[in-house]
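Trainee: I would like to learn how to read a structure like this one, feature by feature. Where do we start?

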Protein chains: 2
Amino acid sequence: MKQRKGNLFVVSAPSGAGKTTLCKRICDTISGVRHSVSYTTRKIRSGEINGVHYMFVDEDEFRTMIADGEFVEWAEVYGNFYGTSRSHIEGMINEGIDVVMDIDVQGAKQIRRHFPDSVLIFIMPPSMMELEKRLVDRRGDSADVIDTRLKNAVEEIREYKIYDYVIINNVFEEAVEELKAVIMGERLKITRINHEWIEEKFLKEAQ
Amino acid sequence: MKQRKGNLFVVSAPSGAGKTTLCKRICDTISGVRHSVSYTTRKIRSGEINGVHYMFVDEDEFRTMIADGEFVEWAEVYGNFYGTSRSHIEGMINEGIDVVMDIDVQGAKQIRRHFPDSVLIFIMPPSMMELEKRLVDRRGDSADVIDTRLKNAVEEIREYKIYDYVIINNVFEEAVEELKAVIMGERLKITRINHEWIEEKFLKEAQ
């Protein structure tokens, strides 16, 4: 059934809960779903592509965009800036594309304010112990960074009740199925479907 | 994630839209979902099992149950009585089982009144022409019965907006996936999950 507009799915999770992999998989497997591309000032990592993983800009460019009101939300995280372009999101939604954004709790709140129909999904790690293990196993982070991430994780989890859905990323394939169910289910909601299409198809002749 | 209580899914569709087959498949494929068994006074058909497809009772027994307030909803359809036992539904929900009921629009309204948290799902036929074809192909119905069913179908479709979700049963396997998504998605909703369990698991030590 054709949607009038795309839906906006905001996915948050503490660092290490598996959010990025999950969102990537979803965008690869459900048709009509695309990942939003954020702007960032952080350095490009090996394997990352500008315009695909992020729009990489320098701090001057980023500050100009802030001044121009280009961001629906932006934040400084661990010394780098990250921001979501309003026109990027609105463009996709108006084309009927469902947009998946991964973003932290503060960003999610800002998105909800600008897009009240957005769907907020929180991904939990299997347990706090497993989260710590995953952060330690991830290369390149110092003990201090891991400690900060763990404290932030608890602060983020404390706010899970502002979200519409909660998924526990215990078995990855099950979490994929659950995120898929949330997205497909939302598309079928009476508040989101194309009523003109239904009336044309089923009720026009009968009237 | 353990649910505190089961959810109640009410599935309606005009006769011929494929509701019964769809509900049967769902109950066979998703764990923790069970079909509610209605009481009826209509004659048992070949292949039907008392207590599985329906609880078959005579009209005197049915009227006694009405008088005793046993039904959360009941209706007379084409000369036969159909009713849903409150204790049957509540028993399953309290055990944490998700219950799927298939029931007409009037029945769905009564269920919503008694169970405000119930999820109402409307199944549309692929088109009105296809619906007519399916009703004609079905054996044992007279032209008059088919005509009545078609008129009722239009009346039922007119009320689709009281439902929470709409699924078009065009390709059966896709409709199964969609109904599955609705049920799985609802289980993950913040209003339905077990908050004590989450707080115990993720926030207890941190407090």
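Mentor: We start with a sheet in chain B, keeping in mind that this is a predicted model. To read a sheet, list its strands in spatial order and then look at the pairing. Here four strands of chain B form an open sheet in the order E4-E3-E6-E5, with mixed pairing.

Trainee: Which are the edge strands of this sheet in chain B?

Mentor: An edge strand pairs on one side only, and in chain B that applies to strand E4 (54-56) and strand E5 (71-77). On average, neighbouring strands of this sheet are turned by 25 degrees against each other, direction ignored.

Trainee: How many bridges join E5(B) to strand E6 of chain B?

Mentor: Six bridges link E5(B) to strand E6 (residues 80-85) of chain B, and the two run antiparallel. To find the register, look for residues that face each other: B:Ala75 is opposite B:Tyr82 in E6(B).

Trainee: What packs on the sheet?

Mentor: Look at which strands a helix touches, then at its angle. Helix H2 (residues 59-67) of chain B packs on the sheet and touches strand E3 (38-40), E5 and E6 of chain B. The direction of H2 makes about 40 degrees with that of E6(B). Helix H3 (residues 86-94) of chain B lies across E5 and E6 of chain B, at about 35 degrees to E6(B).

Trainee: Now chain A. How many helices and strands does it have?

Mentor: Chain A contains eight helices and nine strands. Five strands of chain A make an open sheet in the order E2-E7-E1-E8-E9, and the pairing is parallel. Its edge strands, each pairing on one side only, are strand E2 (33-35) and strand E9 (165-168) of chain A.

Trainee: Which residue stands opposite A:Phe9?

Mentor: That is A:Val100 in E7(A). Four bridges connect strand E1 (residues 8-12) of chain A with strand E7 (residues 98-102) of chain A, and these strands run parallel. Helix H1 (residues 19-29) of chain A packs on the sheet, where it touches E1, E2, E7 and strand E8 (119-124) of chain A. The direction of H1 makes about 165 degrees with that of E7(A). Helix H7 (residues 172-187) of chain A also packs on the sheet, touching E1, E2, E7, E8 and E9 of chain A, and its direction makes about 160 degrees with that of E9(A).

Trainee: What radius of gyration does chain A have?

Mentor: Compare the value with that of a compact globule. For 207 residues such a globule would have a radius near 17 Å, and the 18 Å of chain A agrees with this. Buried residues are 37% of the 207 residues in chain A.

Trainee: How are the two copies related?

Mentor: Two copies of a chain are related by a rotation about an axis and a shift along it. In this model, a rotation of 180 degrees with 0.0 Å of shift along its axis superposes chain B on chain A (RMSD 0.1 Å). The two copies are therefore related as by a two-fold rotation axis. In chain B, the C-alpha nearest the axis belongs to B:Ala181, 2.0 Å from it.

Trainee: How many residues of chain B are in contact with chain A?

Mentor: 29 residues of chain B are in contact with 29 residues of chain A. H7(B) gives the largest share of the side of chain B that touches chain A, five residues. By class, that side of chain B has 20 nonpolar, two polar and seven charged residues.

Methods:
Residues are numbered from 1 along each chain as its sequence is written. Chains are lettered from A and ligands numbered from 1 in the order in which they are written. This is a predicted model: local features need pLDDT of at least 70, side-chain atom pairs count only at pLDDT 80 or more; totals for chains, interfaces and linings use all residues. Copies are superposed by least squares on the C-alpha atoms of residues with pLDDT of at least 70 in both. The radius of gyration is taken over C-alpha atoms; the globule rule is 2.2 Å times the number of residues to the power 0.38. A residue is buried if 20 or more other C-beta atoms lie within 10 Å of its own, exposed if 12 or fewer, and partly exposed in between; C-beta atoms are placed from the backbone. Two strands pair if DSSP finds at least two bridges between them. Axes are lines fitted to C-alpha atoms, for helices over the stretch in contact, and angles run from 0 to 180 degrees between N-to-C directions. Two residues are in contact if their C-beta atoms, placed from the backbone, lie within 7 Å. Ala, Val, Leu, Ile, Met, Phe, Trp, Tyr, Cys and Pro count as nonpolar, Asp, Glu, Lys and Arg as charged, and the others, Gly among them, as polar.
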